[in-house]
Amino acid sequence: MPMKNYGVWVAHPTNYVAEKDDRHYRAAINVKSSTSESRLVYWFVQNLNNHPITAALGSLEPGWHPLTSGGLPALDYIRGNLIDLKKGTLLRHNVPGENNDILDFVTPVLDRAISRQGVVYLFGQQFPGGIHDVHMNQGNEGRFAKDNGVWQDGGLLIHFTDDNHWEGIFLAFGVQKVHTDDKTGDPISNIDFVHFLRPIPSTDPTNGSGTESTVYIRAALLNPVGPDPDAPGERESVHLLNRTETDIDLSRWTIVNHNQNVQKLSGVLRGGASEKFMVPDCPLSNQGGTISLLDGEGLKVDGVSYSKEQVKREGVLVWFH
């Protein structure tokens, strides 16, 4: 069931655990799982400047902003292409010593946000006096399945206004599932992050997760020469790279943009080959957006994002991998 009070809280950070008074509100960020598998997944993205979410967030005034549109600027770890899920780090919440638990990684980022008077954008569910569920809110089973939904994930984005730089911290629980339903956020596979992020044997390019990481969105022609949709010559296209030595049948595979327009694919992508695919049914916005690649089972294989700045030059490929 989607969250009733999902949104983003815009503020200048002053402390990690600010209790409510006349000027401060409390942000409750879980760093420990209540399940038998207590590890969390942590992503720290050091440069989000090229993602279209920053343009939408930058215009928000301090305070609470409900998000109900089912798309950007709401967060969705799977569909929003803010993070590369394969680059997550699985950590415990509090282990003695340095650089071995999640607190050791989160606190330096928060310290910099405070010292540099950055602006924080906390995504989650509002409660009286604050915000919680500042983590992934889909792919749950058991008693937490009621929290599942799409475009309602929690997280923390930071805008360092002194150099106009954006960073992000994103959290999930190790037991949450990597692939979820596009409407409900319920799991559609049994692969959790503990399994997904295990070390990859050299003989297993899929990391045991089906087609995940076998094909990359290598590049895209986002702004053909001339005014859309009458541009002469080449049209909008997406270039896919098969990272394996095996031919891959693309029947029932799809490319999806940030508006959830779908381009159906067909044919065979040869092992080790890169091929261009036209996307007339999946327009690629010149204002910034996302591109996702789904396999025949509807599971996400790869996803990228791009900004308005990257699309300015006509007829030039934007490279992602």
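Contacts in this protein often reach a long way along the chain: of those between residues at least 6 apart in sequence, 67% join residues at least 24 apart. Keep in mind that you're looking at a predicted model. Strands feature heavily in the fold, with 19 of them alongside 3 helices.

**Burial and surface**
- The protein has 321 residues, and 49% of them are buried.
- Its accessible surface adds up to about 15500 Å², and carbon and sulfur atoms account for 50% of that.

**A four-stranded sheet**
- Four strands line up as S16-S11-S10-S19 in an open sheet, and their pairing is antiparallel.
- Strand S16 (274-278) and strand S19 (317-319) sit at the edges, so to speak: each one pairs on one side only.
- Going from one strand to the next, the twist averages 30 degrees.
- As for what holds such an arrangement together, strands of a sheet pair through backbone hydrogen bonds, in parallel or antiparallel fashion.
- Strand S11 (residues 237-242) and S16 run antiparallel and are joined by 5 bridges.
- If you want a spot to find that pairing on screen, take His 239, whose bridge partner in S16 is Lys 276.

**Around His 65**
- His 65 belongs to strand S4, which covers residues 63-66.
- A polar atom of the His 65 side chain lies 2.6 Å from the backbone oxygen of Glu 61.
- Setting aside neighbours within four places in sequence, the contacts of His 65 are Gly 7, Val 8, Val 10 and Leu 60.

Definitions and conventions. Residues numbered from 1 in each chain as written. Predicted model: local features only at pLDDT ≥ 70, side-chain atom pairs only at ≥ 80, totals over all residues. Heavy atoms only, no water. Helix = DSSP H or I, 4+ residues; strand = E, 2+ residues; numbered from the N terminus. Polar contact = N/O pair within 3.5 Å; in protein donor to acceptor, adjacent residues only side chain to side chain. Contact = heavy atoms within 4.5 Å. Buried < 20%, exposed > 50% of the residue type's maximum accessible area, 1.4 Å probe, protein only. Areas by Shrake-Rupley, 256 points an atom, 1.4 Å probe, with all protein chains shown as cover. Pairing = 2+ DSSP bridges. Axes fitted to C-alpha atoms, helices over the stretch in contact; angles between N-to-C directions.
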